[in-house]
Amino acid sequence: MRDHKILFERVYGQPENVLSESRFTSPSPNSFTIEDLKVWIDFFDMYQEETFPHLLCFETWNHALDILSSVNLQEISTAMTNHNEDEYFRITQLWADIFFEDCFKQ
């Protein structure tokens, strides 16, 4: 994975973390080993249906072509736009509530 830059965007830390990882029980999420990736992949945003409900996932390129021939991409794009707008307002409100609580603590 590292040699071909597959999933490179999931790795954080430039420069790399200098803290000892030996104190953690889980493998590093920045590791490029298949074993470590299997532990973390279920937590990736793109696999969270609540986060990206209209994302089209495929197993092979042929599967992708089958999906593309059977969906209305404009409808999916519109649904994604609407969801993103809703999420923007939902998250903005969450942060506003957090700041309001913090500013007016007694």
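How many aromatic pairs does the structure hold? The structure has four of them, where rings of Phe, Tyr and Trp (its six-membered ring) pair if their centres lie within 6.5 Å, with planes under 30 degrees apart called stacked, over 60 edge-to-face and the rest tilted. One of these is F58 with W61, a tilted pair at 5.3 Å centre to centre and 40° between the planes. As for exposure, F58 is partly exposed at a relative accessible area of 39%, whereas W61 counts as exposed at 67%. Those labels go by relative accessible area: buried is under 20%, exposed is over 50%, and partly exposed is in between (1.4 Å probe, protein chains only).

A word on what you're looking at. This is a predicted model, so local features need pLDDT of at least 70 and side-chain atom pairs count only at pLDDT 80 or more, while totals for chains, interfaces and linings use all residues. Residues are numbered from 1 along each chain as its sequence is written, and side-chain values use heavy atoms, with hydrogens and water left out.

**Confidence and layout**

The chain's mean pLDDT (the predictor's confidence in each residue, from 0 to 100) is 81, and 75% of the residues reach 70 or more. The secondary structure comes to three helices and zero strands, giving the pattern α-α-α along the sequence. Helices here are DSSP runs of H or I with at least four residues, strands are runs of E with at least two, and numbering starts from the N terminus. Helix α1 (residues 34–40) has the lowest mean pLDDT among the elements, at 87, and helix α2 (residues 61–70) has the highest, at 96. Helix α3 covers residues 73–103.

**Surface and burial**

Of the 106 residues in the chain, 11% are buried. The accessible surface comes to about 9500 Å², and carbon and sulfur atoms own 58% of that; the areas come from the Shrake-Rupley method with a 1.4 Å probe, and for residues only the protein chains shown count as cover. There's also a nonpolar patch of about 500 Å², made by I91, L94, W95, I98 and F99. Patches take residues with over 30% relative accessible area and no salt bridge, joining like charges within 9 Å and nonpolar side chains (Val, Leu, Ile, Met, Phe, Trp, Tyr) within 5 Å. Why can I98 be part of that patch? I98 qualifies because its relative accessible area is 43%, which is over 30%.

Here are a few side chains with their exposure:

| Residue | Relative accessible area | Class |
|---|---|---|
| W40 | 24% | partly exposed |
| T78 | 38% | partly exposed |
| H83 | 15% | buried |
| R90 | 43% | partly exposed |

**Contacts along helix α3 and beyond**

H83 sits in helix α3. Which residues does H83 contact, leaving aside its neighbours within four places in sequence? They are E50, T51, P53 and H54, contact being heavy atoms within 4.5 Å. H54 turns up again with T78, a residue of helix α3: T78 and H54 are 24 residues apart in sequence and 9.7 Å apart in space, C-alpha to C-alpha. Chain-wide, among contacts with a separation of 6 or more, residues 24 or more positions apart account for 37%.

Over in helix α1 we find W40. Not counting residues up to four places away in sequence, W40 touches S26, P27, S28 and P29. For W40 and S26, the C-alpha to C-alpha distance is 9.2 Å, with their positions 14 residues apart in sequence.

**The salt bridge**

Side chains of opposite charge can pair when their charged atoms come close. The count here comes to one salt bridge, using a side-chain nitrogen of Lys or Arg within 4 Å of a carboxyl oxygen of Asp or Glu. E87 and R90 form it, with the closest N and O atoms 2.8 Å apart. Both residues lie in helix α3, three residues apart, or about one turn of the helix.
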